[in-house]
Amino acid sequence: MNVCYPWFESLHAQLMHHAQANTLHHALLIHAKPGMGKHEYVHQLANDLLCHRPESQGACGHCQSCLLNNALSHPDRYVIASDKQISVNEIREALEKLQEHAQLRQRKVLIIEHADTMTESAANALLKTLEEPSSDTFLLLTVNDIQRLLPTILSRCEKNTLSKPSTSMLRSWLNEHHQITAADDLMRAYQYAPLSIVSALKDSPETNYNAFKEDLVAIKQGQLDSLGFAQKWHFQAYQSLGWLQLMLQQKIMKLTDTDTSLHYLAVSDFVSQQMQRIHHQGTNKRLVLSHVIDKVMS
Ligand SMILES: [Zn+2]
């Protein structure tokens, strides 16, 4: 079985190499921006670690462990997943189960998705296991924001930060797996996060980056005014301003005339200020957006 996403291939090869040599760190932190597929990946890593007859490509797919994993009923695999908050009780319950003997083989795996949402007491409850790991127990943690983890947790894990895929890898993956031909600016608008691009193009045709660009053209052609624009986009005001900012930066990079460059730099500064402003409670996002649009399009 190939690794679920090609941008995980080299990390996966490295981790499996350590697993086979019995030198794999007992607590692996997989750190990546949203939309990179890190949760799907750690589940595959768990399958590969638990497999009784791992092949060079990973889990064999038909041993007892693989069959149980496929049926989502492996007794030595525990999953904690929450994108809101992970409580101390959830951690304690999982750790109690982990302490029992492995039922199938020696290895046990605990997956903690969104580990950066652990409460402080949840993190403290996990700390002891991180400090005194039992042999053949692996903790696989995924995080969006590493700053939100307690330093004591961070220092006891092996940190693996996944960078964005190369544009050529991303382009061919989108093409091959989703029949999507993505323009450079669209990939940039979604920070090269593959799953965000797929979801935006397939699930949100009305509010994705392409629709945003079409509405800007409509303004230019007088078919839409800034208030109408703000009415449609204020639900994702921050994202919209971020996209405008990206467009301005691209434009500035191509400009050769100093006066025009200075003008657009000032506009770009203005957009940055408004992005800060929009975070404040009570800010009228519709007004801010229409004001920005007036300024950008003038
Ligand atoms: Zn297997």
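Which residues does Gln-274 touch, not counting residues up to four places away in sequence? In this predicted model, the partners of Gln-274 are Leu-241, Val-288 and Val-292. Gln-274 itself sits in helix H13, which covers residues 258–277. With a relative accessible area of 6%, Gln-274 falls under the 20% limit and is therefore buried.

Val-267 belongs to H13 as well. Its relative accessible area is 3%, so Val-267 also counts as buried. Once neighbours within four places in sequence are set aside, Val-267 is in contact with Leu-248 and Val-296. Leu-241 and Leu-248, a partner of Gln-274 and of Val-267 respectively, both carry numbers within the range of helix H12, residues 237–254.

H12 also packs against another helix, H10, which spans residues 209–220. The axes of H10 and H12 come within 11 Å and cross at roughly 70°. That angle lies between 65 and 115 degrees, so the two helices are roughly perpendicular to each other. On the H10 side, the residues involved are Tyr-209, Phe-212, Lys-213 and Leu-216. These meet Ser-240, Trp-243, Leu-244 and Met-247 of H12. Sorted by class, the contact is made up of six nonpolar residues, one polar residue and one charged residue.

Now for the metal. The zinc ion is held by four cysteine sulfurs, the SG atoms of Cys-51, Cys-60, Cys-63 and Cys-66, at 2.3 Å. Angles among the four donor atoms run from 105 to 117°, and the site is tetrahedral. For reference, the ideal angle for four tetrahedral donors is 109.5 degrees. Along the sequence, the donor residues follow the spacing C-x8-C-x2-C-x2-C. Of these donors, Cys-51 and Cys-60 are buried.

Next come a couple of backbone oddities. Most residues other than glycine have a negative phi. His-114 is not a glycine, yet its phi is positive, at about 55°. The residue lies in the loop that links strand S3 (108–113) to helix H5 (120–131). At 15% relative accessibility, below the 20% limit, His-114 counts as buried. Gln-179 is another non-glycine residue with a positive phi, here about 50°. Its loop runs between helix H7 (167–178) and helix H8 (184–189). Is Gln-179 buried or exposed? Its relative accessibility is 62%, over the 50% mark, so Gln-179 counts as exposed.

A few C-alpha distances help with the overall layout. Ser-163 is in the loop between strand S5 (158–161) and H7, and at 54% relative accessibility it counts as exposed. Measuring tape aside, how far apart in space are Ser-163 and Met-36, C-alpha to C-alpha? The computed value is 9.0 Å, for two residues that are 127 residues apart in sequence. From Ser-163 to Val-267, by contrast, the C-alpha separation is 31 Å, with their positions 104 residues apart in sequence. Asp-145 is found in the loop between strand S4 (137–143) and helix H6 (151–154). With a relative accessible area of 30%, Asp-145 is partly exposed. The C-alpha atoms of Asp-145 and Ser-298 are separated by 38 Å, and the two residues are 153 residues apart along the chain.

Zooming out, the chain has 14 helices and five strands. Its C-alpha atoms fill a box of roughly 70 × 40 × 35 Å, taken along the principal axes. Of the 298 residues in the chain, 46% are buried; Gln-274, Val-267 and His-114 are among them. Contacts between residues far along the sequence are plentiful in the count: of the contacts with a separation of 6 or more, 71% involve residues 24 or more positions apart.

How values were computed
Residues numbered from 1 in each chain as written. Predicted model: local features only at pLDDT ≥ 70, side-chain atom pairs only at ≥ 80, totals over all residues. Heavy atoms only, no water. Donors = N, O, S within 2.8 Å, 3.2 Å for Na, K, Ca; no water. Tetrahedral: all angles 85-135°; square planar, octahedral: opposite > 155°, others 65-115°. Buried < 20%, exposed > 50% of the residue type's maximum accessible area, 1.4 Å probe, protein only. Axes fitted to C-alpha atoms, helices over the stretch in contact; angles between N-to-C directions. Helix = DSSP H or I, 4+ residues; strand = E, 2+ residues; numbered from the N terminus. Parallel < 35°, antiparallel > 145°, perpendicular 65-115°, else oblique. Contact = heavy atoms within 4.5 Å. Nonpolar A, V, L, I, M, F, W, Y, C, P; charged D, E, K, R; others polar.
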